[in-house]
Amino acid sequence: MNKVVLITGAARGVGRALTETFLARNWTVIATDSDDLQMAGLCENNLTRVFHMDVTSDESVTRVFEKLAKDKTVIDLIINNAGLDGYFPLSEAPVSQFRHMFEVNVFGGYRVNQVFLPLVRTPGGRIIHISSESLRLTLPFMPYPMTKRLVEAYAKALRIELKFRGVDVVIVRPGAINTRLLGTVSNIDVASGNWKLAGPFARFASTASGEIGRKLQPEKAAEFIWQVSQIAKPRAVYKINNMLQLKFAAMLPYGLMEKVILNRLK
């Protein structure tokens, strides 16, 4: 019998590449996303089960769970891939804008794990969270790294809890991946609001894309995640395409980094 993987954010980018990678290994893929139009092409493979699922909605996630539970589906692997990026002044943007990023990036995975856990193979199941090397950054106008820091803290705590049930929890921390999400860095819409910090925000936007470094193709990232999924006794964190510069920058005293950032944005 084929193994089963549930992938969130499967419509494009890394999620799409993951779907194709696992299908090539004859896994049954439960491909979920809120973008129905982009999901349409996935229905052509008979090993794919495609579901509309919004990870920010209890009702949406529960609806998919109930359909799978009715079929007595056993899930071998959950990959929490769904993610959202965005840039805005944290001192001015509405709470709803800030909250939405956490709803997708953090609470989405929390919700999916908790709802689908009764279907995960026990023992022997696995949950993978897609993090980001950007979690090392503490920058203005950039809430995304904050969400990834919380994702990793949650995943590590969950990893210990689920050891008692024979389920592994693993973090994959990639560097830049050439997807639409990464493209938001090059297309920051400074004019989207009447920001009081429009000047520094514009200078941040003009330099951000130049700091990305080498971009990994989604297929390479998906292949790496596949390999991690097959490790018998996985460690907590696996990294791919991480920049040494970010690692060194994270070691600098915050006061020094603060001065560097302020000077660049003046």
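**Exercise 1. Is Asp 168 buried or exposed, and what is its relative accessibility?**

Let's warm up on this predicted model with one residue and its partner.

- Step 1. Asp 168 has a relative accessibility of 17%.
- Step 2. Buried means under 20%, so Asp 168 counts as buried.
- Step 3. Now look for a partner: Lys 163 forms a salt bridge with Asp 168, and their closest N and O atoms are 3.5 Å apart.
- Step 4. Lys 163 has a relative accessibility of 45%, so this residue counts as partly exposed.

**Exercise 2. Work out which residues are linked in a network of salt bridges with Arg 111.**

- Step 1. Set the scene: searching the whole structure turns up 10 salt bridges.
- Step 2. Take Asp 58 and Arg 111, whose closest N and O atoms are 2.5 Å apart in a salt bridge.
- Step 3. Place the two in the fold. Asp 58 belongs to helix H3 (residues 58–70) and Arg 111 to helix H4 (residues 95–116), so this pair ties together parts that are 53 residues apart in sequence.
- Step 4. Look for another partner of Arg 111. Glu 103 also forms a salt bridge with Arg 111, the closest N and O atoms being 3.7 Å apart.
- Step 5. Put the links together: Asp 58, Glu 103 and Arg 111 are linked in a network.
- Step 6. Check the surroundings. Arg 111 is buried, with a relative accessible area of 14%. Asp 58, at 45% relative accessibility, is partly exposed, and Glu 103, at 21%, is partly exposed as well.

**Exercise 3. Check the length of helix H1, then describe what covers its buried residues.**

- Step 1. Helix H1 covers residues 13–24, which is 12 residues.
- Step 2. The expected span is 1.5 Å times one less than the number of residues, so H1 should span 16 Å.
- Step 3. The end C-alpha atoms of H1 lie 17 Å apart, which agrees with the expected span.
- Step 4. Turn to the buried residues of H1: these are Val 14, Gly 15, Ala 17, Leu 18, Thr 19, Thr 21, Phe 22 and Leu 23.
- Step 5. Their cover includes strands E1 (4–8), E2 (28–33), E3 (48–52) and E4 (77–80), together with helix H8 (218–229).
- Step 6. Finally, step just past the helix: Asn 26 takes a positive phi of about 65° there.

**Exercise 4. Classify the ring pair of Phe 98 and Phe 102, then that of Phe 141 and Phe 204.**

- Step 1. The count for the structure is 10 aromatic pairs.
- Step 2. Phe 98 and Phe 102 have ring centres 5.0 Å apart and planes at 70°, making the pair edge-to-face.
- Step 3. Both residues lie in helix H4, four residues apart, or about one turn of the helix.
- Step 4. The general rule helps here: an α-helix has 3.6 residues a turn, so residues three or four places apart point the same way.
- Step 5. Phe 98 is partly exposed at 32% relative accessibility, whereas Phe 102 is buried, with a relative accessible area of 14%.
- Step 6. For Phe 141 and Phe 204, the ring centres are 5.5 Å apart and the planes meet at 50°, so this pair is tilted.
- Step 7. Phe 141 sits in the loop between strand E5 (126–130) and helix H5 (144–163), and Phe 204 in helix H7 (residues 198–208), so the pair ties together parts 63 residues apart in sequence.
- Step 8. Phe 141 and Phe 204 are both buried, and they belong to one aromatic cluster with Tyr 87, Trp 195 and Phe 201.

Notes: Residues are numbered from 1 along each chain as its sequence is written. This is a predicted model: local features need pLDDT of at least 70, side-chain atom pairs count only at pLDDT 80 or more; totals for chains, interfaces and linings use all residues. Side-chain values use heavy atoms; hydrogens and water are left out. Helices (H or I, at least four residues) and strands (E, at least two) are DSSP runs, numbered from the N terminus. Buried means under 20% relative accessible area, exposed over 50%, partly exposed in between (1.4 Å probe, protein chains only). Contact means heavy atoms within 4.5 Å. A salt bridge is a side-chain nitrogen of Lys or Arg within 4 Å of a carboxyl oxygen of Asp or Glu. Rings of Phe, Tyr and Trp (its six-membered ring) pair if their centres lie within 6.5 Å; planes under 30 degrees apart count as stacked, over 60 as edge-to-face and the rest as tilted.
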